[in-house]
Amino acid sequence: MGDGVVLLDFSLGMFGNRVKIALAEKGVNYEHKEEDLINTKSALLLQMNPVHRKIPVLIHNGKPICESLIIVEYIDEVWKDKAPLLPTDPYHRAQARFWADFVDHKVHEVAKKIWTGKVDELEAERKELVENLKLIEEFLGDKPYFGGEAFGFLDIALIPFYRWFSTWETVGKLKIDSPKLIAWGERCLQRESVSKFLPNEKDIREFVHTVRKKFGVD
Ligand code: GS8
């Protein structure tokens with residue numbers, strides 16, 4: 001098992017990837033259990049996350065922690081011997097949480113509407129996604145990482161989605177116009193904790209194709 005930690009996960013899922021990256025950054029050993037989200041969820045998942053029935057779930061010493069951003073904060077608080085993931089300054093910590101919430105609600109949710117929907121009817125969403133990525137790019141500015149010199153919480157929140165950019169572009173018939181964000185994504189990919197876990201673009205495209213077929217939008 002390793003460090004009393006089990007991760008219920010789905011390899012292509014952006015949210016589980018956040019947790020794997022955080023665990024790798026902290027050097028935590030864990031047992032990985034892959035969930036079959038397309039067919040049947042395991043009894044363990046339903047028991048550990050009865051409210052949302054979603055992955056990721058981190059089980060630490062038998063107790064579940066749900067919701068990826070909450071899990072990343074938990075990891076940061078429990079494994080304190082390595083560099084912190086959240087900024088130490090309260091204002092910067094609040095900013096990191098604000099933008100991580102923005103990633104979930106203004107990037108992921110808008111992108112998901114596009115890649116699961118009838119793209120030609122979603123012109124407003126396609127524009128919004130491009131604009132929202134520009135907003136987060138503005139917050140990055142010229143810093144190497146969102147928190148400054150060190151890779152941290154907001155980088156972890158956004159980087160799993162970076163691998164989806166090319167699929168968002170092709171499926172969504174849009175062009176992501178954020179060169180600094182792309183450079184940041186490539187910089188993050190140079191870290192082993194990131195490159196080891198992000199799925200390849202071909203698998204993402206195939207997954208999206210399967211979902212779109214299932215929803216009858218293609
Ligand atoms: C989202 C988890 C989620 O959507 C978080 O952990 O941050 N806000 C949550 N998980 C997906 C898989 S990744 O796309 C999931 O478990 N889906 C199964 C379902 O919706 O039934």
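## A quick tour: the ligand, a salt bridge and an odd loop

Let's start in the loop between α2 (43–48) and β3 (57–60), which is where Pro56 is found. This is a predicted model, and that loop is a handy way in, since Pro56 is also one of the residues surrounding the ligand. From there we can look at the ligand itself, then at a salt bridge elsewhere in the chain.

**The loop between α2 and β3**
- Pro56 is joined to Ile55 by a cis peptide bond, with omega at about 0°.
- Arg53 lies in the loop between α2 and β3 as well.
- Arg53 isn't a glycine, yet its phi is positive, at about 55°.
- Why point these out? Most peptide bonds are trans, and most residues other than glycine have a negative phi.

**Who surrounds the ligand**
- Around the ligand you'll find Gly13, Phe15, Leu37, Lys41, Lys54, Ile55, Pro56, Glu67 and Ser68.
- Sorted by type, that shell has four nonpolar, two polar and three charged residues.
- Both partners of the cis bond, Ile55 and Pro56, belong to this shell.
- As for where the ligand sits, the space it takes up is the largest pocket.

**Polar contacts with the ligand**
- Lys41 brings a polar side-chain atom to 2.5 Å from a ligand oxygen atom.
- Glu67 has a side-chain N or O atom 2.7 Å from a nitrogen atom of the ligand.
- Ser68 places a polar side-chain atom 2.7 Å from an oxygen atom of the ligand.
- On its own the ligand would expose 530 Å², and the protein buries 74% of that.

**Salt bridges**
- Across the whole structure, a search turns up 13 salt bridges.
- One of them pairs the side chains of Lys20 and Asp9, at 2.8 Å from N to O.
- This pair ties together distant parts of the chain: Lys20 is in helix α1 (residues 14–26) and Asp9 is in strand β1 (residues 5–9), with the two 11 residues apart.

Conventions
Residues numbered from 1 in each chain as written. Predicted model: local features only at pLDDT ≥ 70, side-chain atom pairs only at ≥ 80, totals over all residues. Heavy atoms only, no water. Near = heavy atom within 4 Å. Polar contact = N/O pair within 3.5 Å; in protein donor to acceptor, adjacent residues only side chain to side chain. Areas by Shrake-Rupley, 256 points an atom, 1.4 Å probe, with all protein chains shown as cover. 1 Å grid on protein atoms, 1.4 Å probe; cavity = no way out; pocket = protein on both sides within 12 Å on 5 of 7 lines; lining within 4 Å. Sits in = over half its atoms within 2 Å of the grid points. Nonpolar A, V, L, I, M, F, W, Y, C, P; charged D, E, K, R; others polar. Salt bridge = Lys/Arg side-chain N within 4 Å of Asp/Glu carboxyl O. Helix = DSSP H or I, 4+ residues; strand = E, 2+ residues; numbered from the N terminus.
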